[in-house]
Amino acid sequence: MITIHHLLVSQSERVIWLMEELQLAYELKSYPRNPETRLADPIFLQLHPLGTAPVIQDGAITLGESSAIFTYVLDLYGEGKLRIAPGQPNYADFIYWFHYANAGLMPQAMQYLFGAMAGDDSSNPRAAWARERFARHLAMINDRLANNAYVAGEFTAADILLHFPFGTMSSFAPVDISGYPHIRAWLDRLSARPAYQKAMKLAGHTQDPAQPSKKL
Ligand SMILES: N[C@@H](CCC(=O)N[C@@H](CS)C(=O)NCC(=O)O)C(=O)O
C-alpha cells in the first residue's frame, strides 16, 4: 500500500486528492511546517535528498516530485482513469496540461510568490516582470477554460496538478483571479467534487483553500 508523506499546507495535498479520486487505499502521514521558517519538517530530508514534499513510499520504492508521483500512481494503479490515452482526441491536450502544471506554471507562480513575499513594489522591474509573466499564464488558463470545463476537456489528473497555485499556495501570497472568470468557475467545479472535499479535510484544511473566504 502507498504511504503519502504529507507536509501540512503544501502541494502534497494533490497526491491525497489523486488517491481519493481513484478510490485507492493509502496510509497518510502528515507533518507540520516549521512555524517560524515555514520550511518542511526534517523528516523529509530522511526521505529524499531535497527535503521537500510530497514523497510517497510503495514497498521498496521511495519517490518524490509531484508529477512523477502522479505518473507512477496512474501507470501502476490508475486503470486508465483520470488520463487520456494515446490515440484519443484530447491526448495531446492532456499531456500538455499535465506537464505544464509543474514544469510551466509552478516555476512562474513561485517567482510571483517570492516577489510578493519579499514585498516587491511596482518600481522593482523584476517584480513587474514576474507579475506580467504570471498574468500571461493566468490568461492562457482562463482562455482554455472558456470553452472547456476542464483543461483536457474532461476532468483528469491535469486539473488536480494545476489547482495548487489557485488554492493553498495563495495562502503564502494571494493570487488575484478576479479578472479570470473561467478560472473561478473551474475552481468552483473542482470544489464541488466529493473527493476534493474529503482530501482537503484530510490534508488539514478546515475550509476550502480555493474559495475566496478561506482563512488558512
Ligand atoms: N517540484 C516539487 C516541489 C516540491 C516542493 O517544493 N515542495 C514544497 C511544498 S509546497 C516544500 O516541501 N516546501 C518546504 C521546504 O522547501 O522546506 C514537487 O512538485 O514535488
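Trainee: What makes up the shell around the ligand by class in this predicted model?

Mentor: The shell around the ligand has 5 nonpolar, 5 polar and 3 charged residues, where Ala, Val, Leu, Ile, Met, Phe, Trp, Tyr, Cys and Pro count as nonpolar, Asp, Glu, Lys and Arg as charged, and the others, Gly among them, as polar. Residues are numbered from 1 along each chain as its sequence is written. The model is predicted, with local features needing pLDDT of at least 70 and side-chain atom pairs pLDDT 80 or more, while totals for chains, interfaces and linings use all residues, and side-chain values use heavy atoms, with hydrogens and water left out.

Trainee: Why is the pair between Glu 65 and the ligand called a polar contact?

Mentor: A polar side-chain atom of Glu 65 lies 2.5 Å from a nitrogen atom of the ligand, and because a polar contact is a pair of N or O atoms within 3.5 Å, the pair qualifies. By that cut-off Ser 66 qualifies too, with a polar side-chain atom 2.7 Å from an oxygen atom of the ligand.

Trainee: What makes the backbone of Ala 40 a partner of the ligand?

Mentor: A polar backbone atom of Ala 40 is 2.8 Å from an oxygen atom of the ligand, which is again within 3.5 Å.

Trainee: Which space does the ligand take?

Mentor: The ligand takes the space of the largest pocket, in that more than half of its atoms lie within 2 Å of the grid points.

Trainee: Which helix gives the most to the lining of the largest pocket?

Mentor: Helix 4, residues 91–117, does, with 7 residues.

Definitions and conventions
Polar contact = N/O pair within 3.5 Å; in protein donor to acceptor, adjacent residues only side chain to side chain. 1 Å grid on protein atoms, 1.4 Å probe; cavity = no way out; pocket = protein on both sides within 12 Å on 5 of 7 lines; lining within 4 Å. Helix = DSSP H or I, 4+ residues; strand = E, 2+ residues; numbered from the N terminus.
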